[in-house]
Amino acid sequence: MDNRPLAQKALDVIAQVKADYARFPEAQSYDLYAEKVYFKDPMNEFRGIERYRRMIGFIDQWFQDIDLQLQAVEQPQVDTIKTRWVLNFTAPIPGQPRVSIPGWSELTLNGEGLICSHIDYWDCSRWAVVKQVLGFAPR
């Protein structure tokens, strides 16, 4: 059992999240997540690490040239980590449009230092993303 204070565990999570973003979606550190993690973004809402794994696997299989650019990390509270990022990828449709989704994530840690909640927010609407995929919007 890890008896370190939550503040120390949070620093370790931050370091690993930075490494995960750099190689996203490959070799993600699923051990950072609680078994019943809550996940939400503008397209999904569910609980469970296996479902989270499947979602990342879908991204890896479906999209091309994925590039997740981490822009900032902050820790406003001992149990909260916020990341700001831009997700870029090529859609696997005719014309292969490049899509860019700027946004941020709020990760909440439980007492064990595991991520129990991961909520993604986009700085654009779902419709704006659809327009990019269809090639009708500037990136």
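Me: Which residue takes a positive phi in the hairpin of β5 and β6?

Reply: In this model, which is predicted, that residue is Gly-113, whose phi is near 85 degrees, and the hairpin that holds Gly-113 has five residues between its two strands.

Me: What makes β5 and strand β6 a pair of strands, and in which direction do they run?

Reply: Pairing asks for at least two bridges, and β5 is joined by seven bridges to strand β6, which spans residues 115-122, so the two count as paired, and they run antiparallel. Within this pairing, Gly-103 stands opposite Trp-122 in β6.

Me: How many bridges join strand β4 to strand β5?

Reply: Eleven bridges join strand β4 (residues 80-90) to strand β5 (residues 98-109), again in an antiparallel arrangement, and because at least two bridges are enough, these strands also count as paired. Here Phe-89 of the one strand stands opposite Val-99 in β5.

Me: Why is Phe-89 called buried?

Reply: The relative accessible area of Phe-89 is 6%, and because buried means under 20%, Phe-89 falls in that class.

Me: Why is the pair of Phe-63 and Phe-89 called tilted?

Reply: The ring centres of Phe-63 and Phe-89 are 4.3 Å apart, which is within the 6.5 Å that a ring pair allows, and their planes stand at 50 degrees, neither under 30 nor over 60, so the pair is tilted. Phe-63 lies in the loop between α2 and β3 (64-77) while Phe-89 lies in strand β4, so this pair ties together parts that are 26 residues apart in sequence.

Me: How many aromatic pairs does the count come to?

Reply: The count comes to eight aromatic pairs. One of them joins Tyr-30 and Tyr-52, with 6.2 Å from centre to centre and 75 degrees between the planes; because 75 degrees is over 60, the pair is edge-to-face. Tyr-30 sits in the loop between α1 (6-23) and β1 (33-40), and Tyr-52 in helix α2 (residues 49-62), so the pair ties together parts that are 22 residues apart in sequence.

Me: What are the relative accessibility of Tyr-30 and the relative accessible area of Tyr-52, and how do they class these residues?

Reply: Tyr-30 has 15% relative accessibility, which is under 20%, so Tyr-30 is buried. Tyr-52, with a relative accessible area of 7%, is therefore buried as well.

Me: Which residues touch the most other members of the largest nonpolar core?

Reply: They are Tyr-52 and Ile-115, in a core of 31 residues, to which α1, β1, α2, β3, β4, β5 and β6 each supply at least two residues. Leaving aside neighbours within four places in sequence, Tyr-52 is in contact with Tyr-30, Tyr-33, Phe-39, Phe-46 and His-118. Ring pairs also link Tyr-30, Tyr-33, Phe-39, Phe-46 and Tyr-52 into a cluster.

Me: How many salt bridges does a search of the whole structure find?

Reply: The search finds five salt bridges. One of them lies between Asp-12 and Arg-4, and because their closest N and O atoms are 2.3 Å apart, within the 4 Å limit, the pair qualifies. Asp-12, with a relative accessible area of 35%, is partly exposed, and Arg-4 is likewise partly exposed, at 33%.

Me: How do you know that Arg-23 and Asp-20 meet in a salt bridge?

Reply: The distance from N to O is 2.7 Å, which is within 4 Å, so the two side chains qualify. Both residues lie in helix α1, three residues apart, or about one turn of the helix. Arg-23 is partly exposed because its 32% lies between the limits of 20% and 50%, whereas Asp-20, at 5%, is buried.

Me: What makes Glu-106 and Lys-82 a salt bridge?

Reply: Their closest N and O atoms are 3.7 Å apart, and because the limit is 4 Å, the pair counts. Glu-106 lies in strand β5 and Lys-82 in strand β4, so the pair ties together parts that are 24 residues apart in sequence. Lys-82 is partly exposed, at 25% relative accessibility.

Me: Does Lys-9 count as buried or exposed, and what makes it so?

Reply: Lys-9 has 7% relative accessibility, which is under 20%, so Lys-9 counts as buried. The place of Lys-9 is in helix α1, and, neighbours within four places in sequence aside, Lys-9 is in contact with Asp-2, Arg-4, Gly-111, Glu-112 and Gly-113.

Methods
Residues are numbered from 1 along each chain as its sequence is written. This is a predicted model: local features need pLDDT of at least 70, side-chain atom pairs count only at pLDDT 80 or more; totals for chains, interfaces and linings use all residues. Side-chain values use heavy atoms; hydrogens and water are left out. Helices (H or I, at least four residues) and strands (E, at least two) are DSSP runs, numbered from the N terminus. Rings of Phe, Tyr and Trp (its six-membered ring) pair if their centres lie within 6.5 Å; planes under 30 degrees apart count as stacked, over 60 as edge-to-face and the rest as tilted. Buried means under 20% relative accessible area, exposed over 50%, partly exposed in between (1.4 Å probe, protein chains only). A nonpolar core is a set of buried Ala, Val, Leu, Ile, Met, Phe, Trp, Tyr and Cys residues joined through side-chain atoms within 4.5 Å. Contact means heavy atoms within 4.5 Å.
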